[in-house]
Structures are given as C-alpha cells and as structure tokens.
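Please examine the sequence and the three-dimensional structure shown here before reading on. The explanation that comes after them is meant to be followed with the structure in view.

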Amino acid sequence: MPYTEGTSSTNQPDMERIVEQYGTTLLRMCFLYLKDKQLAEDAVQDTFIKVYRNYHQFQGQAHEKTWILRIAINVCKDYLRCAWHRKVTTVESLADVLEQSSPPPAEDKLLVEKVMQLKPKYREVLLLYYYQDMKISQIAEILQTPESTISVRLKRAREQLKKQLEGWDWD
Amino acid sequence: MGLKKRNFKDSIDRCLEDVRLEPAYRQRILEQCTPEYSCSTKPRFSTQKIFRKVCFVAATCAIILTSGIGVVAASPSLQQTLNQLSQEFLVLLSPVEGTSTSEGIRMEVLAAMRDNDVLMVYLTLQDIQKQNRLDGQLELVDFSAESKKDGNQQCLFSHGEVLWYDSASQKATLRLVGQAFGGLDDQKISLNIHSFLSGKNELPLINCGVTLAEIAHQAPSAQWVALSEVDGYSSSGEDMERLSQQVENGTMPLLQSGGFVPSVFQQFSWMNVEGVAITTGNTLHGKISYDDQMGRFNRLALYLSDTQGNVLDTSQISLELESYETDNHHRYTKTQEQVLVLPSELPLEEISLSAQVTTYEHHIEGNWQTNFSVEDASLQTTTTPANVKLGGWNVETITISPVGITLQGHGDSSQDFHGPQVDILLKNGSYVQSNSSSCSVQDNEFFCKNLFALPIEMEEIDKILVNGTEVPVL
C-alpha cells in the first residue's frame, strides 16, 4: 500500500509537519554523528531540503522515517569525508553544548561521551537502533548494508559501550 | 545483555536538551522548502558540502599588475609594511589595528578587505624574543576567522600563506583568506590563531635500498584483511577512480602483518613503517603509524623509482585508517596505508622503493586573538553568461570581481564533479592564476570560487578560460 503520510492537496510534502516531527531528534542524531553543532545544523538543513525536493520519489517505496534517516546519514557521511571539514575548528564542542544547559546527570553525560567516541560505523547503528528506534531491517535499508553486518556491528557497539558504562539497566 | 532503548534515548535527550530546532532556524529551513525559493540567485547559507576530491588547491600565483596612481587609503606605517603591494591594491584595504601577543610572538593585524563572501586579512607575526621560530615557510595549523550570519556564528573557510619574511626583524607578513558560502553579513570579524609550524625541511628523495622483487621475496607470507572502514582517503593518478571505488565497495585489501620493514626509516622517531608488501593485484601497500607529537605534521610519502632513480608516475591512494582527535577537535592521522599501483611495463627487479620525507622543526602553540570590523568594500562585479561543459555539468554563469571569480551551474548529480581550471587573460597578454579554489556541490547545483593572490583591474580582463574554453567577457 502506498505510503501517503502528510502530503498536501497539491502533492507537495507537508514540510511543517515533517520538520516539526523529525527536526529535533534529527539534529541531536546529526550532532552525535558529526560531533559539531554547527555542522549538524547544516546537515539537518541539507537533509530537509533534499526531502522537499525528492519527496515525490519515495512514496510507496519505504516508510517516511526510514527514508529521511537514510538521507540524513548520507549527508553526514559526505560531511565526514571532506578533508576540509576535518581541519575546521569546531565552534561548539560537546562541552560547550553541555555547559549551556543545566548540568545533566553524570551518567547521561558519560553515555553521550562514550557514544561520540565510537567509530562512525558503530555509532550510526547504535543511534539508529536505540535513539531512532529502528529495526535491524530498517537500519540495513538506511545504510544499504546487509542485515547480518548490521547485527554484528550492533553487537560490537554494545560490547564497546558495555565496557565503558557501569550501573546501566541492561535487557 | 543489551542496553534498554528507553534509557538510551532518554539519556541522550536529557543531555542534549539544549540541542533543538529553534524557531528561527526552523523558519529558515521552511523558507527554502518552497517552489519559489531559488538557490541560483542566493547561495544557500552555511552549506558546507564540499566535493570530496576538490577542497583547497594552493598554487603559486603569477600576477602582473599594471602600474598606476591611486589614492592611498592607508596610514604611512601600513603602507611601509605593505610597500610591496601596488597602490591599486592598497586602496581596497581598510586599515585595522589589532595586536595580540602570546608565547613571545606578536601578531599584528594590519589591514583587511571584505566583499560579498570573501574576507582578506593582512597580518604580521614577529618573534619578539628573537628565537628564530618563524621563517618564510611557516604554515598556520589551527586558525580561524569567524563572523556572524543571521545571528549565528559562521566559521569561514580560510587558508593562510606567508607573503614575505624579514629575517632581521624576524617578522613574517601573512595573508589570510576567508570565504563564506552564502555571503558575509556582519562587519565584525574574530580572528584566532592557535598554532603554526615552522622549520619545514623536505629531505632529498630517500632510496630505500630495496627492489620490489626483493620486497616480494622477503614478505611472501604477508597477511591481508578486507577494508571495512576508513576515516578518510585521497587518491591521484589515472586509476584514482578505480582505487576510490575499491575503498567504497570494501574490496580494497589492507596489510595486516608480515610485511617487509625497510631499515632506512628507523632514523625517524616520529613514525613507524609497520610493513611494506605487494598484492597479487599488483599494488604495493605500505602501512605507517605516526606518533601524536610531530608525527601529526611530519610526513612520509612512498614512491616507486626505476633503476636510474627516476620517480615513476603511478596512481596511488592514501587511506587514513585511524585518526585521533585533540582537545580542540582537530583530527590527525594515526595509522595510514599508502597504496601504489605498480607499473605494468617494468619487471619488479627494475623498480625500487623510494620515499619523500617532510619534517618541521617547530610546532608553536599559543593564543593569538583579535576582533575587528571591516566594512563591505562593495567591489565592482560583472556577471557573464557561459555555456561550458564539465562532463555531466554545465557552467551557466561566471561572476568576476577584482579579488576572485565564481562559477555557477547545474548538472547531473549522478556524475562526478571535477573543479575546473580557470585562467584570466589580461589585455597585456599576461595570465592571472588563482592561488586558491574551492567548490561546493549541492544536489545538482555547484559553485566554484577562485581567489586571486592580489586584486586585478576588471577593465584589463580580455578573456576568461574555463578548462581551456574561452568565455567572452561582456
């Protein structure tokens, strides 16, 4: 059945709804992926513009969230590939972001720090599974990677985090 | 055992509570998601997607300025310092007075010019402790120029170069060029320099004293693993696309162990050549690790040479396997694998392994910071239509100002984009070459900006050449 969530009468996407629904979680995920708030804002902006321009291509082929996350991950990967990007001094680090709000609990901060220290291939599966609540099959579709590979990466990501974190509530 | 999803998500959201889509930012996004919004008339702000194969190219600039009489808008001291520049150029500059001293090195910002999306800053660095820590080849490492755009901090793309160095006063004069895709709005500029390198030494080509046949013989049991992930890579040569594709597909083999270790590299304490070996696919792999001190900056490049010692022209790809970040979020290569495609026309007995080593004597860290204002110079610009094919892309307009040239166009986003070579021919028959270029590709649209080392006079332009194709100037 074609997926026709949130289109207007002229078949244009309802961008207000899309931005409202996905904006903040997308921004936080991109921040954790890119480790830079300004880059994350650029990535989110790029993502939504691509969503707007290509919305007609996705309908009926995938869940909207899966499709949007795939665009966002590819945008983040493009940013990471760029050698220039790696030389830019980040304006706001995680420490700066944390200092702007009331200090979060120590275990929350520790989790974020440890997630950001993971290699990108582990970080992305972890974020998609635990933060974006995606299934393995959906993550495989987003990353265009076999499900078996996703399972292995998720397992290894958990193992790496488990070593670093204590006192967490595990399944 | 696994992490509970709700705990994970709740923790992230609690920790990043202030990272959210603010109303003004949301509105800007929505403004661009309308049929009426045209990116061809207004470069998208803060869009920093840079085509991965073309970032910054710095080339030697050969520019001949016509002599003339102009109004000197600068103070005598400024003119004295910049007395090697032409009068026409000085008119475009705004004097700036800003100094900062750290680690016994004094930074003085002399002049700046701002127009549209370009910022040029002229400054000096002087070793006031007379410790010979500066020279004519110093390289800025950690530096930035920042401005504000729509209330947000905007980090400008920038590169710096030494224009001249006076050994008597131990003072270097530098130019810093910043570029912001999407335009510069604010007059206020914040200039920061945190580190630089000096004492650059490029050693003569090192003959490793071993042929590829000997390497193959001494490393028959080299172990290989499939590439799973790289932090980055760069390639060159006619096989660069194939090599890049191998990396993207995960079919590039990596040297795991059992490689030959040339003894000639043991003299360099900042790096470790873990092994060199040859694959059955006729590529030579060299695995190198760097320490976290001068290993961040010193470099080893592997080459192949013939029996006469001539360096062979080979395709190569350099894989950044591991990197580490410093506290200020700079990334440096920790482990690298250099891959060279073997020439098919020579037997392994006639090919030797060589290396180029570049070292730096000083890595100076400090905190040089100054803020200043510079008004928009509102330079004259000319936009001319163009129709120049770049593979699957087409240059549609060219905008030229005294300080740079911008190419804009559209194309097939499934086709690779390669930044073009742009030359400006003056009426006196001389060519102006760019000393920096950068390109931004977004969906099916691109912008390429080439900056000139020094401003040129627009009325002296005769032709513009894009990849050798002439574009008449209106």
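The paragraphs below go from one chain as a whole to a sheet, a single residue, helix contacts and two loop residues.

The reader should keep in mind from the start that this is a predicted model. A suitable place to begin is chain B, whose secondary structure comes to 6 helices and 27 strands. Of the 474 residues in chain B, 36% are buried. The contacts of chain B can also be described by separation along the sequence: among those between residues at least 6 apart, 66% join residues at least 24 apart.

One part of chain B may now be followed strand by strand. Here 5 strands form an open sheet, and their order is E11-E16-E17-E14-E13. The pairing in this sheet is antiparallel. Which strands lie at the edges? They are E11(B), covering residues 232–236, and E13(B), covering residues 271–278, and each of them pairs on one side only. From one strand to the next, the twist of the sheet averages 15°.

The pairing can be traced from the edge strand E11(B) inward. E11(B) is joined by 5 bridges to E16(B), which comprises residues 316–325, and the two strands run antiparallel. Individual residues show how this pairing is laid out. Ser234(B) has Ser318(B) in E16(B) as its bridge partner, while Ser236(B) has Gln316(B) as its partner in that strand. E16(B) pairs in turn with E17(B), residues 331–341, in the antiparallel sense over 9 bridges. Within this pairing, the bridge partner of Glu320(B) is Gln336(B) of E17(B).

The other edge strand, E13(B), contains Ala277(B). Is Ala277(B) buried or exposed? Ala277(B) is buried, because 25 other C-beta atoms lie within 10 Å, and a residue counts as buried from 20 or more. Leaving aside residues up to four places away in sequence, Ala277(B) touches Ile215(B), Ala219(B), Ala222(B), Leu255(B), Gly258(B), Gly259(B), Phe260(B) and His285(B). For one of these, Phe260(B), the separation can be stated in two ways: it is 17 residues from Ala277(B) in sequence and 6.2 Å from it in space, C-alpha to C-alpha.

The next topic is a contact between helices of the two chains. The axes of H1(A), residues 15–34, and H2(B), residues 23–32, come within 10 Å and cross at roughly 140°. This angle makes H1(A) oblique to H2(B), because only angles over 145 degrees would count as roughly antiparallel. The crossing of the two helices is right-handed. On the side of H1(A), the contact is made by Met15(A), Glu16(A), Val19(A) and Gly23(A), and on the side of H2(B) by Arg26(B), Ile29(B) and Leu30(B). By character, these residues divide into 4 nonpolar, 1 polar and 2 charged.

A second helix contact is found within chain A. The axes of H7(A) and H8(A) come within 10 Å and cross at roughly 135°, which makes H7(A) oblique to H8(A). H7(A) passes H8(A) in a right-handed crossing. Which residues make the contact? From H7(A) they are Glu124(A), Val125(A), Leu128(A) and Tyr129(A), and from H8(A) they are Ile139(A), Ile142(A) and Leu143(A). This contact comprises 6 nonpolar residues, no polar residue and 1 charged residue.

The loops beside these helices hold the last two residues of this account. As background, most residues other than glycine have a negative phi. Asp133(A), however, has a phi near 60°, a positive value. Where does Asp133(A) lie? Its place is the loop between H7(A), residues 120–131, and H8(A), residues 136–143. Asp133(A) counts as partly exposed because it has 14 C-beta neighbours inside 10 Å.

Gln144(A) likewise has a positive phi, near 55°, and is a residue other than glycine. Gln144(A) is found in the loop between H8(A) and H9(A), the latter covering residues 147–164. With 9 other C-beta atoms within 10 Å, Gln144(A) is exposed, since a residue with 12 or fewer falls in that class.

Technical notes. Residues numbered from 1 in each chain as written. Chains lettered and ligands numbered in written order. Predicted model: local features only at pLDDT ≥ 70, side-chain atom pairs only at ≥ 80, totals over all residues. Axes fitted to C-alpha atoms, helices over the stretch in contact; angles between N-to-C directions. Helix = DSSP H or I, 4+ residues; strand = E, 2+ residues; numbered from the N terminus. Parallel < 35°, antiparallel > 145°, perpendicular 65-115°, else oblique. Left-handed = near helix turned anticlockwise from the far one by under 90°. Contact = placed C-beta atoms within 7 Å. Nonpolar A, V, L, I, M, F, W, Y, C, P; charged D, E, K, R; others polar. Pairing = 2+ DSSP bridges.
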